[in-house]
Amino acid sequence: MALGGYANRIAHVDLTKGTVSYEPIPEDWARKYIGARGLGVKYVFENGPQVDPLSPDNILCFMNGPLTGSEANMSGRMAIVTKSPLTGTVTDSHHGGWSAARLRWAGFDGLIFKGKAQKPVYAYVHDGKLELLDASDVWGKGVHDTVKYFKEKYGEKDLTVIAIGQAGEKLALFANWMNENDRSSGRGGTGCVGGSKLLKAVVVKAAKKMPKAVDREAWKPAHKRALATIMDEKNVTSPRKGGLSVYGTNVLMNIDNNIGALPTRNAQLAWFGEKAERVSGEWVKEHILVEDPTCHACPVACKKEVEIKDGPFAGLRMESLEYEPAWSLGAMCENDYAPAIAKLIDLCNDYGLDAIEMGDVLAMYMEATEKGYTNGAGGLKWGDYMGMVETVHKIGMREGIGDILALGTERAARQFGHPEIAMTVKGQGIPAYDPRGLKGMGLGYATSNRGACHLRGYSPASELGLIPLKTDPLAWKGKGELLKLLQDLHAFSDSLDLCKFSAFAEGADEYAAQYSAMVGIPFTAADVLKTGERIYNLERYYNNLAGFREGSDTLPERFLKEPSTAPGSTGHVCELDLMLEEYYRARGWVNGVVPESKLKELEII
């Protein structure tokens, strides 16, 4: 392949036959879809949109990008891409840490698994090769014990363990892959796909061997400029400035609460009142913070490791108490006891469960209990954190009520006969932003190609003033154009694969300069956005072919018809229909469906 920056090596693993082959990346695919998210989606698309997510025919891709493991800031992300058993859409879910860098240092751009093993296996990746080995000794173990086992077997030096827990083995539909003990590819049920294939872990052993840019003279100023934008202490939107580095992602708890955009009590409310402070990043820093770990090539260090020193969860040390799970297992469930939230997140990590979906499913269960919808299938009261801990154990092992709740928020609500209390989009639970107080996020949830998601196009960056392009969080006009821009930009950065927080400082110009220097071809900001648009449209086309057609882009009626009573957003609902009209016009779609003319324009067909 003429492009630099890539290892140009994909391991294709047939789990049914137990064989491994190695192939280069088709150069046309690399140019059009870059890597990580984009390239993974291309492989999944070519595998066919009609595939059953839990059949051997589905593929599971572990992908990095052309900047992964290099000097590029925040270049330690890995994308896990597959067809989701939770939503039925294409999904990509990313984790940080060191696994992506080590996979690149081991000589790979990606690993693609297909089929189903005869017995539990793990992949051992090192020195440009992949071995399939017996995982019987760790099948049935949680993530923490699995990581410990492989570190004892191979030594901790230069080692990364990506694993599923019991939830993935038992096919909980929102099971995920965990990188080490605490970094999660959390959304879409990717770990469930791993469990269906009897794939327990991917273990990577590789010393640092950073890839070098083809054009070193162009790389130096490109890298310097990107770092300067991140480290600019005079820029209040810099991810290094204040919030993220000091308090972690949970700096958002008080911010969203104060503007009436924090879904609470299964989104029956849009704020948590004074209780929000007790689960905020500020509270964590003052009371339980012990360390600030970071990922490969990251100067921000947003992760916050905590230790619980007293109470029923004394002795727990975990990384990290981030905003999304702190909200889902806190405000969404009316739980304001931060040590319990830390315990619940740690349990999710050990079982290998999406902590965002977990909070959504527990909150739905609490509302079902309150309203008498559970049909005698137990019950859970608001804020009952000991009951929450017990229920997470049941979900992780699929025992009792946990067998129903392991189906995810939407399917479980249907089991109770009341789908209206599921705060989901396309089958996936919402993240930590109320669309009545952050209108752009409502459009973002509805139009996300992987189900409810804040990361496809992070409009709160604009609505909360985290980037220079500031917009009114309560205004709907202009959000269609804004969201398209951000979705396209993030589709590209996810394909490099750079951390989302890089976009608080960097933009299309910085991404273009680094990519161009790394691979050795001319590339502009306009190319960045066009490539991102191509990736986003390929995902949408996949979903269209999988059955998501007109009317699929919607929200729970609670956000559309029940006005907020929270200070900051009182009286507001989400004007989704008006935003969708503007968005579809910007996209060139017909009621959510990609027309053939757009597919040809973007060279998808």
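## A tour from strand β15 to helix α19

Start by selecting V306, which stands opposite M318 in β15. Keep in mind as you click around that this is a predicted model.

Now widen the selection to residues 305-307, and you have strand β14. Three bridges join β14 to β15, and the two run antiparallel.

Next, bring in the rest of the sheet. What is the strand order here? Going across, you should read β13-β14-β15. These three strands form an open sheet with antiparallel pairing. For the edges, select 289-291 to get β13 and 317-319 to get β15; each of these edge strands pairs on one side only. If you look at how neighbouring strands of this sheet sit relative to each other, they are turned by 35° on average, ignoring direction.

Time to jump to another part of the model. Select residues 479-496, which make up helix α19, and pick out D494 within that helix. Is D494 buried or exposed? Its relative accessibility is 3%, and anything under 20% is classed as buried, so D494 counts as buried.

Show the side chains around D494 and check the polar contacts. One, at 2.9 Å, links the D494 side chain to that of R37. Another, at 3.0 Å, goes from the D494 side chain to the side chain of K500.

To finish, which residues are in contact with D494, leaving aside neighbours within four places in sequence? Select A36, R37, D92, H94, R456 and K500. R37 and K500 in that selection are the polar partners you just looked at.

Terms used:
Residues are numbered from 1 along each chain as its sequence is written. This is a predicted model: local features need pLDDT of at least 70, side-chain atom pairs count only at pLDDT 80 or more; totals for chains, interfaces and linings use all residues. Side-chain values use heavy atoms; hydrogens and water are left out. Helices (H or I, at least four residues) and strands (E, at least two) are DSSP runs, numbered from the N terminus. Buried means under 20% relative accessible area, exposed over 50%, partly exposed in between (1.4 Å probe, protein chains only). A polar contact is a pair of N or O atoms within 3.5 Å; within protein, one must be able to donate a hydrogen and the other to accept it, and residues adjacent in sequence count only if both atoms are side-chain atoms. Contact means heavy atoms within 4.5 Å. Two strands pair if DSSP finds at least two bridges between them. Axes are lines fitted to C-alpha atoms, for helices over the stretch in contact, and angles run from 0 to 180 degrees between N-to-C directions.
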